[in-house]
Amino acid sequence: MADAMNSALVEALQIPTEDRFVIISEHAEGELHLHPTFMDMQRDPIAAMFIMVYLGAHRPLEQKKALVQKLNYNAAAALKVSPDDIFITLIPVPNENFSFGRGKLQLADVAPSW
């Protein structure tokens, strides 16, 4: 799953492959609550998942659309679940709010090259 997510980010946003920060958190049955047919979907309560992506707020809509499509495709293929089972939220973050370590805001004074 982590490889599928990273691949989608690299392909859709052209980020460096090393820009890999993925958290996978599994939940027991009964810990996720979602409507099985909202927006005309057919969700399996066991297979359903939530994917949240923090991304630079500078990303244009076309890149966001490409990312969501690629994330959905990759996750469905990797886990052999229905595309209806994948709920994705993109959370835009101003670039100056990212710290990649050392207590620094590496993108605060420069635009990322990706």
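A salt bridge is a side-chain nitrogen of Lys or Arg within 4 Å of a carboxyl oxygen of Asp or Glu. By this criterion, a search of the whole structure, which is a predicted model, finds three salt bridges. The legends below begin with the whole chain and then turn to individual sites.

**Figure 1. Overview of the predicted chain and its order of helices and strands.** The chain contains two helices and two strands, which follow one another along the sequence in the pattern α-β-α-β. The C-alpha trace spans about 45 × 30 × 25 Å along its principal axes. The chain has 114 residues, of which 30% count as buried. Among contacts with a separation of 6 or more, 62% are accounted for by residues 24 or more positions apart. The chain exposes about 7,900 Å², and carbon and sulfur atoms supply 57% of this area. Its charged side chains comprise 9 positive and 14 negative ones. The centres of these two sets lie 8 Å apart.

**Figure 2. The salt bridge between Asp-3 and Arg-20.** The closest N and O atoms of Asp-3 and Arg-20 are 2.9 Å apart. This pair links distant parts of the chain: Asp-3 belongs to helix α1 (residues 2–13), whereas Arg-20 belongs to the loop between α1 and β1 (49–56), and 17 residues separate them. Asp-3 counts as exposed because its relative accessibility is 55%, above the 50% limit for that class. Arg-20, with a relative accessible area of 36%, is partly exposed. Side chains of opposite charge can pair when their charged atoms come close.

**Figure 3. The salt bridge between Lys-70 and Glu-11.** The side chains of Lys-70 and Glu-11 meet at 3.1 Å, N to O. Here too the pair links distant parts of the chain, with Lys-70 in helix α2 (residues 61–79) and Glu-11 in helix α1, 59 residues apart. Lys-70 has a relative accessible area of 23% and is therefore partly exposed. Glu-11 is likewise assigned as partly exposed, at 44% relative accessibility.

**Figure 4. The salt bridge between Lys-65 and Glu-62 within helix α2.** Both residues lie in helix α2, three residues apart, which is about one turn of the helix. The closest N and O atoms of Lys-65 and Glu-62 are 3.9 Å apart, a value that falls within the 4 Å cut-off for a salt bridge. Lys-65 counts as partly exposed at 47% relative accessibility. Glu-62 is exposed because its relative accessible area is 56%, and the class begins over 50%.

**Figure 5. The buried residue Ala-75 and its surroundings.** Ala-75 is placed in helix α2. Its relative accessible area is 0%, so Ala-75 is buried. Leaving aside residues up to four places away in sequence, Ala-75 touches Met-1, Ala-4, Met-5, Met-49, Ile-51, Lys-80, Val-81 and Ile-86. One of these residues, Ile-51, stands 24 residues from Ala-75 in sequence and 9.5 Å from Ala-75 in space, C-alpha to C-alpha.

**Figure 6. A nonpolar surface patch made by Leu-32, Phe-50 and Phe-87.** The patch formed by these three residues covers about 260 Å². Phe-87 lies in strand β2, which runs over residues 86–93. With 43% relative accessibility, Phe-87 counts as partly exposed. This value exceeds the 30% relative accessible area required of patch residues.

**Figure 7. Positive phi values at Met-39 and Lys-80.** Met-39 has phi near 60°, a positive value in a residue other than glycine. The residue is found in the loop between α1 and β1. Met-39 is exposed, its relative accessible area being 59%. Lys-80 has phi near 55°, again a positive value in a residue other than glycine. Lys-80 is placed in the loop between α2 and β2. At 72% relative accessibility, Lys-80 counts as exposed. Lys-80 is also among the residues that Ala-75 touches.

Definitions and conventions: Residues numbered from 1 in each chain as written. Predicted model: local features only at pLDDT ≥ 70, side-chain atom pairs only at ≥ 80, totals over all residues. Heavy atoms only, no water. Helix = DSSP H or I, 4+ residues; strand = E, 2+ residues; numbered from the N terminus. Buried < 20%, exposed > 50% of the residue type's maximum accessible area, 1.4 Å probe, protein only. Contact = heavy atoms within 4.5 Å. Areas by Shrake-Rupley, 256 points an atom, 1.4 Å probe, with all protein chains shown as cover. Lys, Arg positive; Asp, Glu negative; His and termini not counted. Charge placed at Lys NZ, Arg CZ, Asp CG, Glu CD. Patch = residues over 30% accessible without salt bridge, like charges linked within 9 Å, V, L, I, M, F, W, Y side chains within 5 Å.
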